[in-house]
Amino acid sequence: MRGLGFREHGGLDRVELLDLPEPTAGPGQVKVRMRSASFNRLDLFTLEGMPGVTVPLPHILGGDGAGVVESVGEGVEGWRVGANVIVDPSLSDGTCEACRAGLEPFCRNYQILGEHRDGTAAEFCVVPAENLQPLPPSLDFVQGGCVSLVFMTAYRALLTTGGLQPGEQVAIVGGGGGLNTAAIQIARWRGAQVVVATRSEEHAEKAAKLGAHQTLVYGPEKPLDRGLWTLSGKKGVDVVFDCNGTATVPSSARALARGGRLVFCGGTSGPMVTVDLRPLFWRQASLRGSTMATRAEYREVLKLLASGALQPVVDSTYPLERGRDALEHLAKGSPFGKVVLTIP
């Protein structure tokens, strides 16, 4: 079986097309013949190696994917061979108190495909039966292979963790990545006033076409916090969605309104930030971390995608053999939407 991954941690030069044994579905599992997979920034972090996360080597990348059921393991019900499916990359034990309460991201044994276990960027992938959902008929394999992680993460971050309400102003910092393009649409669907802040004129134009009400191109001569403050009518922004980390979170925090919430689920430019606490407590604002989503939230996301209320944004596609090129494109930070692998 061919799969895209690495034999040792490092840079993009470590990525290769691996030849690995074909997996089999065990009890409660389903084997999927993958037709597509897509990458997230998480794949680059996994490749580099993250503190406290040990993965078996060689390791297959990819958290998102769609394909066709190849076989089912013992005890699996509800899935038939040949069914078109989409993969939920979140893995929880299903037995702990958090899981029983429907709060899977709080599971102490929580894992993500492609980060803790072999991922989807391969000809076959074996997952627990509960990690599959029917591929919505309105989506093809390429579209279905790029929606799970970013849409479920943005949905929970904005609506559950961030508490975004209709009519509130939300600023999405960074307009091009798959997570941000998902966030733009979810915030618009929620009825919020959407501002997209980006360093790229091109991404600002595309964000406006995707649904942003206002855009801000920021830089050294047009600081992020001042730009957001001005666009908010000098009242501050109700919710800021900022996953850039070191480079922008301090500025985003300064742009919060009274009672404002800064929500983050990553740190692309670095995980360490220095924030002035005084404006935060004076405005009774807060910083809130979020990751992934519950299974119930994920199902709601799929309903919105199936109805056409949300649309996957595909930047580019690459065949499995050119997976390293796809990751290099992602690493440059220039895509608008998702970078997807097609798997024959």
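Student: Which residues does Glu 104 touch, not counting residues up to four places away in sequence?

Tutor: This is a predicted model, in which local features need pLDDT of at least 70 and side-chain atom pairs count only at pLDDT 80 or more, while totals for chains, interfaces and linings use all residues. Residues are numbered from 1 along each chain as its sequence is written, and side-chain values use heavy atoms, with hydrogens and water left out. Glu 104 lies in the loop between α2 (97–100) and β8 (111–112), helices (H or I, at least four residues) and strands (E, at least two) being DSSP runs numbered from the N terminus. With contact meaning heavy atoms within 4.5 Å, and leaving out residues up to four places away in sequence, Glu 104 touches Ser 92, Ala 98, Cys 99, Tyr 110, Thr 294 and Arg 295.

Student: How far from Glu 104 is the nearest side chain of opposite charge?

Tutor: Lys and Arg count as positive and Asp and Glu as negative, with His and the chain ends not counted, and a salt bridge needs a side-chain nitrogen of Lys or Arg within 4 Å of a carboxyl oxygen of Asp or Glu. Glu 104 is buried (under 20% relative accessible area, where exposed is over 50% and partly exposed in between, with a 1.4 Å probe and protein chains only). Glu 104 has no salt bridge, and the nearest side chain of opposite charge, that of Arg 295, is away by 4.5 Å.

Student: Which residues of α10 are buried?

Tutor: Helix α10 covers residues 295–307, and its 13 residues should span 18 Å at 1.5 Å a residue (the expected span being 1.5 Å times one less than the number of residues), which agrees with end C-alpha atoms 19 Å apart. What covers its buried residues includes α4 (148–161) and α5 (178–190). These buried residues are Arg 295, Glu 297, Tyr 298, Val 301, Leu 302, Leu 304 and Leu 305.

Student: Which strands stand at the edges of the sheet β2-β1-β4?

Tutor: The 3 strands form an open, antiparallel sheet in the order β2-β1-β4, two strands being paired if DSSP finds at least two bridges between them. Each edge strand has a single partner strand, so one side of each is left without a neighbour in the sheet, and these edge strands are β2 (15–19) and β4 (59–60).

Student: Is Lys 31 buried or exposed?

Tutor: Lys 31 forms a salt bridge with Glu 22, the closest N and O atoms being 2.4 Å apart. Glu 22 counts as partly exposed at 44% relative accessibility, whereas Lys 31, with a relative accessible area of 7%, is buried.
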